[in-house]
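Trainee: I am new to this structure and should be grateful for a close look at a single part of it, the surroundings of the ligand. Please connect that part to the rest of the protein as you go.

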Amino acid sequence: IPVAASCDVTDLAGTTAVVFDVLRATSTIVTALASGFRLVYPVAEADEARALAEARGFLLAGERGGEKIAGFPHGNSPLEFSAGPAAGSDALVLTTSNGTGAIRKAAAAACVLTGSLLNARAVAAAVLREGRDVQLVCAGTAGEFSLEDALGAGFVLVEMEQAAGGLPEMDDLAMAAYDLARFYSRDPLAGLRAGRHGQKLLRLGREADLRWCARLNRFDLAPVFTGDCLMVPGVE
Ligand code: MLT
């Protein structure tokens, strides 16, 4: 299976696309769906997210610039969702600076998965099962390359190598991501601390989030984007 990596969402038609926004949108989505949330609606704009949550009685969460959006009950820390839904809705509406918009834009792909360090092995198994060419979409920050997203893509490649008994055919960015994951394999947290967005989250007092997002293969699920919401196939 040929694997390419990129920082944008063009040319996804016919591929299995995996979107990575490791700090923190896709880590938050994976955590919520692994912890009892049934559906996560990724929404690009805050107003649209608020309106959807109000209309459907869903839980509302969102971040801009790394901080909770004023008036929203929840931000974008995975730790806010790791205990599962409290009484009320088990559907979450999430809007973030980059990640949720990237997931929506990736909808042109034949299959859209969300990847993170937390579920790298499960994503590798899912893309191998799907069998199409793979695009690893490193969402980045404001259109720019982010170290932690390449690291997430690289760990999926490491897991694909182990599952398939060899590396897939890769483009140069995928190769660089793979090498990055090998470099940080003993200390993924160091990789999350190193990048610009990791540094910013540390300045905002979010070290616990980084520690959580660095837990490699903590969850065995590969959330799928239906074009509307994210869910775990087979979980009704
Ligand atoms: C984003 O979508 O840009 C990120 O998830 C930002 C963050 O919450 O750290």
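Mentor: The account below begins with the model, turns to the ligand shell, and then follows the neighbouring elements.

This is a predicted model, in which local features need a pLDDT of at least 70, side-chain atom pairs count only at pLDDT 80 or more, and totals for chains, interfaces and linings use all residues. Residues are numbered from 1 along each chain as its sequence is written. The mean pLDDT of the protein is 95, and 99% of its residues reach 70 or more; pLDDT is the predictor's confidence in each residue, from 0 to 100. For the complex, the predictor gives an ipTM of 0.92 and a pTM of 0.97.

The ligand is surrounded by Asp-21, Leu-23, Arg-24, Ala-25, Glu-63, Gly-66, Asn-76, Thr-96, Ser-97, Asn-98, Gly-99 and Leu-201. A residue is counted as near the ligand if its C-beta atom, placed from the backbone, lies within 6 Å of it. By class, this shell divides into three nonpolar, six polar and three charged residues. Here Ala, Val, Leu, Ile, Met, Phe, Trp, Tyr, Cys and Pro count as nonpolar, Asp, Glu, Lys and Arg as charged, and the others, Gly among them, as polar.

Two members of the shell, Leu-23 and Arg-24, are joined by a cis peptide bond, with omega about 0°. Most peptide bonds are trans. Arg-24 lies in the loop between strand S2 (16–20) and helix H1 (25–34). Helices (H or I, at least four residues) and strands (E, at least two) are DSSP runs, numbered from the N terminus.

Beyond this loop comes H1, and ten of its ten residues are buried, so H1 is largely enclosed by the rest of the structure. A residue is buried if 20 or more other C-beta atoms lie within 10 Å of its own, exposed if 12 or fewer, and partly exposed in between, with C-beta atoms placed from the backbone. Among the buried residues of H1 are Ala-25, Thr-28 and Leu-33, and Ala-25 also belongs to the ligand shell. After H1 comes Gly-36, whose phi is positive, near 120°.

On the other side of the loop, S2 runs parallel to S8, and five bridges join them; two strands pair if DSSP finds at least two bridges between them. Val-18 has Leu-136 as its bridge partner in S8. S8 also runs parallel to S1, to which four bridges join it, and here Ala-4 is partnered by Gln-135. Five of the five residues of S8 (residues 134–138) are buried, so this strand too is largely enclosed by the rest of the structure. Its two faces are both covered, with Val-134, Leu-136 and Cys-138 on one side and Gln-135 and Val-137 on the other.

The loop between strand S1 (3–6) and S2 holds Asp-11. Its phi is near 60°, a positive value in a residue other than glycine. Asp-11 is partly exposed, with 13 other C-beta atoms within 10 Å.

Finally, these parts belong to a protein with nine helices and ten strands. Of its 236 residues, 51% count as buried. The C-alpha atoms fill a box of roughly 45 × 35 × 30 Å, taken along the principal axes.
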